[in-house]
Amino acid sequence: YVDKFIGDAVMAIWGAPVDSRYHAVNAVDAGIRISQRIREKQEEDRAAGKPEFGIKIGINTGSAIVGNVGAGGRLNYTAVGKTVNIAARLENVPTTYGCTVIVSEDTAKEVGSEFLLNEVDRITVHGKKMPFSIYQPFCKKEEAGEVEQLYCKQYGEALRYYRADDFSKAAELWDTLYEEVLKKTSG
């Protein structure tokens, strides 16, 4: 359900107004498909010499107050609450990590059996006191190729070194990660 446009942002809701057991899976699937379509459009624009544009998608899963919110003649069907606020904060995160879609730890728990997810970092956002893991979804697990699996494995290894304060080893792994992935994708 496309809830509203807020400037250049779009707020969408899965699981309301019609309940769905697969709301998180559907949200992540939509995020991945949108990201893929935008990449295709960027390539078309680049080839045509047109300016490119990018997007950022943040997905969070949890309870929210959903319904007509407002007063008198200004009621709007929407979702409000901590879950929505955290999703809004996550929308700003992908640029920092060089990706398009970021999902919260709560979303990752819901969709981890369906999608290849790469844990990117642990962050804190306004409205949530404790740090939580964020993930980059790549594709459905059955669609994951060697490159995507290698990327997630090596990134995870580098992240473990980073969290153990072995920053030089983490940096070394992250540096070689991009070179190895580029070799696999170009040859």
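In this predicted model, the buried residues of helix α2 are covered by a set of elements that includes the strands β3, β6 (101–104), β7 and β8 together with the helix α3 (94–97). The buried residues in question are Thr-83, Ile-86, Ala-87 and Leu-90, and, viewed down the axis of α2, they fall within an arc of 105°, so they line one face of the helix. The general geometry of helices helps in reading such a pattern, since an α-helix has 3.6 residues a turn and residues three or four places apart therefore point the same way.

One of these buried residues, Leu-90, leads on to the interior, for it belongs to the largest nonpolar core, a group of 18 residues in which Leu-90, Ile-102, Ile-123, Phe-132, Ile-134 and Trp-174 have the most contacts. At least two residues of this core come from each of α2, β7, β8 (128–140), α5 (146–163) and α6 (167–186). Apart from this core lies another, made up of 14 residues, with Ala-27, Val-103, Val-111 and Leu-117 among them. In soluble globular proteins, nonpolar side chains tend to be buried together. Within the largest core, Trp-174 can be followed further: when its neighbours within four places in sequence are left aside, Trp-174 is in contact with Tyr-155, Ala-158, Leu-159 and Tyr-162.

Strand β7, which spans residues 115–125, also holds Phe-115, and this residue counts as buried because its relative accessibility is 1%, where the cut-off for buried is under 20%. Setting aside neighbours within four places in sequence, Phe-115 touches Val-25, Val-28, Asp-29 and Ile-32, and it is also in contact with Cys-139, Lys-140 and Lys-141. Between the C-alpha atoms of Phe-115 and Glu-157, which lie 42 residues apart along the chain, the separation is 19 Å.

From the packed residues one can turn to the open space. The largest pocket has a volume of about 1200 Å³, and of the 35 residues that line it, Val-10, Met-11, Ala-12, Trp-14 and Gly-58 are the closest to its centre. Helix α2 returns here, since β2 (9–12), α1 (23–47), β3 (57–59) and α2 (82–90) each supply at least two residues of the lining of this pocket, with α1 giving the most, namely 6 residues. By character, the residues of the lining divide into 21 that are nonpolar, 10 that are polar and 4 that are charged.

Notes. Residues are numbered from 1 along each chain as its sequence is written. This is a predicted model: local features need pLDDT of at least 70, side-chain atom pairs count only at pLDDT 80 or more; totals for chains, interfaces and linings use all residues. Side-chain values use heavy atoms; hydrogens and water are left out. On a 1 Å grid over the protein atoms alone, a cavity is a set of points where a 1.4 Å probe fits but cannot get out, and a pocket is an open set with protein on both sides within 12 Å along at least five of seven lines; lining residues have an atom within 4 Å of a point. Grid points are joined across faces, edges and corners, and a volume is the space filled by probe spheres set on the points. Helices (H or I, at least four residues) and strands (E, at least two) are DSSP runs, numbered from the N terminus. Ala, Val, Leu, Ile, Met, Phe, Trp, Tyr, Cys and Pro count as nonpolar, Asp, Glu, Lys and Arg as charged, and the others, Gly among them, as polar. Buried means under 20% relative accessible area, exposed over 50%, partly exposed in between (1.4 Å probe, protein chains only). Contact means heavy atoms within 4.5 Å. A nonpolar core is a set of buried Ala, Val, Leu, Ile, Met, Phe, Trp, Tyr and Cys residues joined through side-chain atoms within 4.5 Å. The arc is that of the directions from the helix axis to the C-beta atoms.
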